[in-house]
Amino acid sequence: MTGTADRIAYRLRHRARAAWYYAHLYATGRVAGHEPEETEESSPEDRAALQERMRALYRRDWRNIEAGLYLPPEGFDGPGELLAKSRLYFRDLRVIGRRRRDRAVREVATADARARYPSYYLQNFHFQTDGYLSPLSARLYDFQVETLFSGAAQTMRRQALAPLSRFFAGRGLRDARLLDVASGTGRLLREVKANWPKLRVTALDLSADYLATARRGLAAWTGAGFVQANAEAMPLADASQDAVTSVFLFHELPRRARANVAREIGRVLRPGGLFVLIDSIQ
């Protein structure tokens, strides 16, 4: 059950997060030498419309919580960790700024990496240092994405919980399985396990460093597996998953890779299973 105090706490927490990350977004252009990642042509009306959509997102999230579809969000990073990541973010931002000015996006395409990963994966996505292929990138990723979305990224991910809640309602979960494709640091799966601790989940990702971060984040629960693999060829059995989720993946994939991943999701999903796609239009 939730009450007025819970609603007020939710609003205050998210307003504080939004202010924190928007301040970082605003400062990004000054430090890195470019404007924040919104188009130069964006008008005040466009920005106002975006802000209203973000407020609507928070209202929908709270309505879902009130309806009992899922729990309030897990605890966020503490002040010490936030400050440490903030310092690291700004230190790395100057390097990203130079990379952006030089249009340098293939620094991770070493001979060793080319033998292990598809070519489209070997780039500095959003000019980030090391692409997805280092512990530094894995530590900074969530902070960077939250900054890009002014603190709303995890709330965007959480919208996958509503259809999952309806799908699993009344079902026994001991033998149910959920696969998170391109799980990254495992932020969605942490929310999934907080709500359905008996549900068996698998984090599939191409980055060993991101999977290591996901493993640490899910260490408090049992029934979590980790698979390092390309989503275009998942080493999973046909019809082995009751539900599949994918967050912020498809907009990064070339057209052919998107089709391959979609086919693989269809292959591993059981008949009558659920696929939840969360993404943003880039």
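I took helices to be DSSP runs of at least four residues, numbered from the N terminus. With that rule I placed Thr147 in helix H5, which covers residues 135-148. I note here that the model is a predicted one.

**Entry: Thr147**

I looked up whether Thr147 is buried or exposed. Its relative accessibility is 1%, and the cut-off for buried is under 20%, so I put Thr147 down as buried. I then listed its contacts, leaving out neighbours within four places in sequence. Thr147 touches Tyr21, His24, Leu25, Thr28 and Tyr89.

**Entry: the whole chain**

I counted secondary structure next and found 10 helices and 5 strands in the protein. The radius of gyration is 19 Å, and the globule rule gives 19 Å for 282 residues, so I recorded the protein as being as compact as a globular protein of that length. I also noted the span of the C-alpha trace along its principal axes, about 55 × 55 × 35 Å.

I checked burial over the chain: 50% of the 282 residues count as buried. For the surface I have about 14400 Å² exposed, with 54% of it supplied by carbon and sulfur atoms. I took the contacts between residues at least 6 apart in sequence and found that 73% of them join residues at least 24 apart.

**Entry: charges and salt bridges**

I counted 44 positive and 32 negative side chains. The centres of the two sets lie 3 Å apart. Side chains of opposite charge can pair when their charged atoms come close. I searched for such pairs and got 14 salt bridges. I followed up several of them.

I started with Glu52, which forms a salt bridge with Arg59. The closest N and O atoms of this pair are 2.7 Å apart. I found Glu52 partly exposed, at 33% relative accessibility. Arg59 is also partly exposed, with a relative accessible area of 42%. I then saw that Arg55 belongs here as well, since a network of salt bridges links Glu52, Arg55 and Arg59.

I went on to Arg116 and Asp112, whose side chains meet in a salt bridge at 3.2 Å, N to O. I asked how many residues separate the two in helix H4. They are 4 residues apart in this helix (residues 111-116), which means a separation of about one helical turn. I have Asp112 as partly exposed, at 49% relative accessibility.

I then looked at Arg267 and Asp238, which meet in a salt bridge at 2.6 Å, N to O. This pair links distant parts of the chain, the two residues being 29 residues apart. I located Arg267 in helix H10 (residues 255-268) and Asp238 in the loop between strand S3 (224-228) and strand S4 (241-247). Arg267 is partly exposed, with a relative accessible area of 25%. For Asp238 the relative accessible area is 54%, and the cut-off for exposed is over 50%, so I entered Asp238 as exposed.

**Entry: Val105**

I looked up where Val105 is found. I located Val105 in the loop between helix H3 (79-102) and H4. Its relative accessibility is 29%, so I listed Val105 as partly exposed. I noted 8.5 Å between the C-alpha atoms of Val105 and Leu122, which are 17 residues apart along the chain. Leaving aside neighbours within four places in sequence, I found Val105 in contact with Leu122, Gln123, Asn124 and Phe127.

Definitions and conventions:
Residues numbered from 1 in each chain as written. Predicted model: local features only at pLDDT ≥ 70, side-chain atom pairs only at ≥ 80, totals over all residues. Heavy atoms only, no water. Rg over C-alpha atoms; globule rule 2.2 N^0.38 Å. Buried < 20%, exposed > 50% of the residue type's maximum accessible area, 1.4 Å probe, protein only. Contact = heavy atoms within 4.5 Å. Areas by Shrake-Rupley, 256 points an atom, 1.4 Å probe, with all protein chains shown as cover. Lys, Arg positive; Asp, Glu negative; His and termini not counted. Charge placed at Lys NZ, Arg CZ, Asp CG, Glu CD. Salt bridge = Lys/Arg side-chain N within 4 Å of Asp/Glu carboxyl O.
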